[in-house]
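Student: Please pick one part of this model and look at it closely. I would like to know what surrounds it, and then how the rest of the chain is laid out in similar terms.

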Amino acid sequence: MGTYYQTPAVVVPEDQDDNVLQRQSSHDGKELDAGALFVLQSKGSWVHCGYHLTTSIVAPALLSLPYAFKFLGWAGGIMCLITGALVTFYSYNLLSLVLEHHAQLGRRHLRFRDVSQDVLGPRWGKYVIGPVQFAVCYGAVVGACLLGGQCIKAIYLLFDPNGPIKLYEFIIMFGGLMLILAQMPSFHSLRHINMISLLLCLGYSAAATAGSIYIGHTSKGPEKDYSINGDSQDLVFGIFNGVAIIATTFGNGIIPEIQATIAPPVKGKMFKGLCVCYAVVSVTFLSVAISGYWAFGNLAEGQILSNFVVNGSPLLPKWFIFMTNAFVILQIAAVGVIYLQPTNEVLEGVFADPKSAQFSLRNVIPRVISRSLSVAIATTIAAMIPFFGDINGLIGAFGFLPLDFVLPVVLFNLTFKPSKRTFTFWLNLSIAVVFSIFSIIGSVAAVRQIILDAKSYRLFANV
């Protein structure tokens, strides 16, 4: 697709037709395609932006932070966690400033590939950034289906430890919930769902923290051991694995699409939304990481809730584990839908007619069919490949790190051209170089992990 722009100076009353709201021509005479017109409607406030950002970043992946500390230890884990927060907040703000700058010039970019195409050149946007973003976001949807199914299974085994229902059946159940939510017409229409998502992430983070502290203070918990085990090779790859987990936890990959939902003028609104998001990040990430690692040490599981049940015996009241998993299931559904938006935008651009009304039969029928197929494919992949977490690790290292840590600082330097004598130039260059190296090594570590685990891979495995 070509690069499309949205003229920022037009404000339309709420009751006016959505097509009119965004059917604006850019300075080069190109109209918005159906994907941008229908999915990326610019009608939200900075508060809505904060909801979207929080849902996309503060996700159940944060429950893996104690596991990352297992490879890094106390000092390394806390240092990496704080560094990840500072660098991503800085990078996301820089990317927002780049988008605001182009909007003030009359070229409001609504998609990651569009701003990349404008700053880096058409091939970068079309053949590199676009495909990488699509892989990262759709991989997150598959991962959401897998984690949702695993959490439903955890609840089921809590009440029937020897139950016959397999994991892939639970994944299909969760896919049914995703199928319904996927029909929400636009990114902006998710604002109320994402507000509830914010409350849910606070809920299960508080529950995970309280559960870890309780178990750590009783004889039910394991003996605390914070030593980092393994030979030198395992230690090195473990460090990069831990860094990759933390970096991926802060991953977003859809900052331009979230900023596209803000009603013009956009100046300063994204920064307020980021402040809302990172206030939640600071509360949830630190509390879960520190309490989980303190309670379980190097026995922390890949998802801390797994430590709450040992050999089928719950260490906490069943109602508490049920509630925590229920919060995770509901929030991961919101996370899956938000990462489905780039896919929805592409599908809408291909199958919808921008000259017809958004809710005309001409557009509703292909929308329902294409989105249903998209969710069905993601659910099938998750059910068929329950070891997708290893693959997602590779996608995260290869995708989230470049999109969220490297690309924003590169786009800022190329757009604003700060002097080489300034601290900003060298800080941005340092971030780009360091996290490019981490991306490469993280990808190698992820491939190594896939190879090590390959012997246990089995389609539709009941893990």
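Tutor: In this predicted model, a useful place to start is Asn252, which touches Leu53, Ser56, Ile57, Tyr92, Ile258, Tyr339, Phe400 and Asp404, leaving aside residues up to four places away in sequence. Asn252 itself sits in the loop between α9 (232-249) and α10. With a relative accessible area of 0%, Asn252 is buried. One of its contacts, Phe400, is 148 residues away along the sequence, yet the C-alpha atoms of Asn252 and Phe400 are 7.0 Å apart. Phe400 falls within α15 (388-416), and Ile258 falls within α10 (255-259).

Two of the residues touched by Asn252, Ser56 and Tyr339, also take part in a helix-helix contact. In that contact, His52, Thr55 and Ser56 of α3 meet Gln331, Ala334, Val335, Ile338 and Tyr339 of α12. By class, the contact residues are 4 nonpolar and 4 polar, with no charged residue. Two packed helices are described by the angle between their axes and the distance between the axes. For helix α3 (residues 46-57) and helix α12 (residues 318-339), the axes come within 9 Å and cross at roughly 105 degrees. The range from 65 to 115 degrees counts as roughly perpendicular, and α3 and α12 are therefore roughly perpendicular to each other.

A second asparagine reaches the pair α3 and α12 from another helix. Asn194 belongs to helix α8 (residues 191-216), and it touches Tyr51, His52, Thr55, Ala334 and Ile338, again leaving out residues up to four places away in sequence. Of these, His52 and Thr55 are on the α3 side of the contact, and Ala334 and Ile338 are on the α12 side. Asn194 counts as buried because its relative accessibility is 0%.

Helix α8 also holds Cys201, given its range of residues 191-216. Cys201 counts as buried, at 0% relative accessibility. A disulfide is a covalent bond between the sulfur atoms of two cysteines. The closest cysteine sulfur to that of Cys201 is in Cys277, at 8.8 Å, which is too far for a bond. Cys151 is a similar case: its closest cysteine sulfur, in Cys145, is 12 Å away and therefore too far for a bond. Cys151 is buried too, at 2% relative accessibility. The structure as a whole holds 0 disulfides.

Cys151 and Cys145 both lie in helix α6, which covers residues 122-159. Helix α6 packs against helix α14 (residues 361-384) at an angle of about 60 degrees, with the axes 8 Å apart. That angle makes α6 oblique to α14, and the crossing is right-handed. On the α6 side the contact uses Tyr138, Val141, Val142, Cys145 and Leu146, and on the α14 side Ser374, Ile377, Ala378, Thr379, Ile381 and Ala382. These residues divide into 9 nonpolar and 2 polar, with no charged residue.

Helix α6 has another partner in helix α5 (residues 112-120), where the axes are 7 Å apart and the packing angle is about 150 degrees. Angles over 145 degrees count as roughly antiparallel, so α5 and α6 are roughly antiparallel to each other. This crossing is right-handed as well. Phe112, Arg113, Ser116, Gln117 and Leu120 of α5 contribute to the contact, together with Pro122, Trp124, Gly125, Lys126, Ile129, Gly130 and Gln133 of α6. Here the split is 5 nonpolar, 5 polar and 2 charged.

The backbone has two points to note. Most residues other than glycine have a negative phi, and most peptide bonds are trans. The peptide bond from Pro264 to Pro265 is cis, with omega near -5 degrees, and Pro265 lies in the loop between α10 (255-259) and α11 (269-296). Lys417 has a positive phi, near 50 degrees, although it is not a glycine. It is placed in the loop between α15 (388-416) and α16 (423-453). Lys417 is exposed, since its relative accessible area is 63%.

Met173 gives an intermediate case of accessibility. It lies in helix α7 (residues 167-181) and counts as partly exposed, at 45% relative accessibility. Met173 and Glu31 are 142 residues apart along the chain, and their C-alpha atoms are separated by 40 Å.

Terms used. Residues numbered from 1 in each chain as written. Predicted model: local features only at pLDDT ≥ 70, side-chain atom pairs only at ≥ 80, totals over all residues. Heavy atoms only, no water. Axes fitted to C-alpha atoms, helices over the stretch in contact; angles between N-to-C directions. Helix = DSSP H or I, 4+ residues; strand = E, 2+ residues; numbered from the N terminus. Parallel < 35°, antiparallel > 145°, perpendicular 65-115°, else oblique. Contact = heavy atoms within 4.5 Å. Nonpolar A, V, L, I, M, F, W, Y, C, P; charged D, E, K, R; others polar. Buried < 20%, exposed > 50% of the residue type's maximum accessible area, 1.4 Å probe, protein only. Disulfide = S-S within 2.5 Å. Left-handed = near helix turned anticlockwise from the far one by under 90°.
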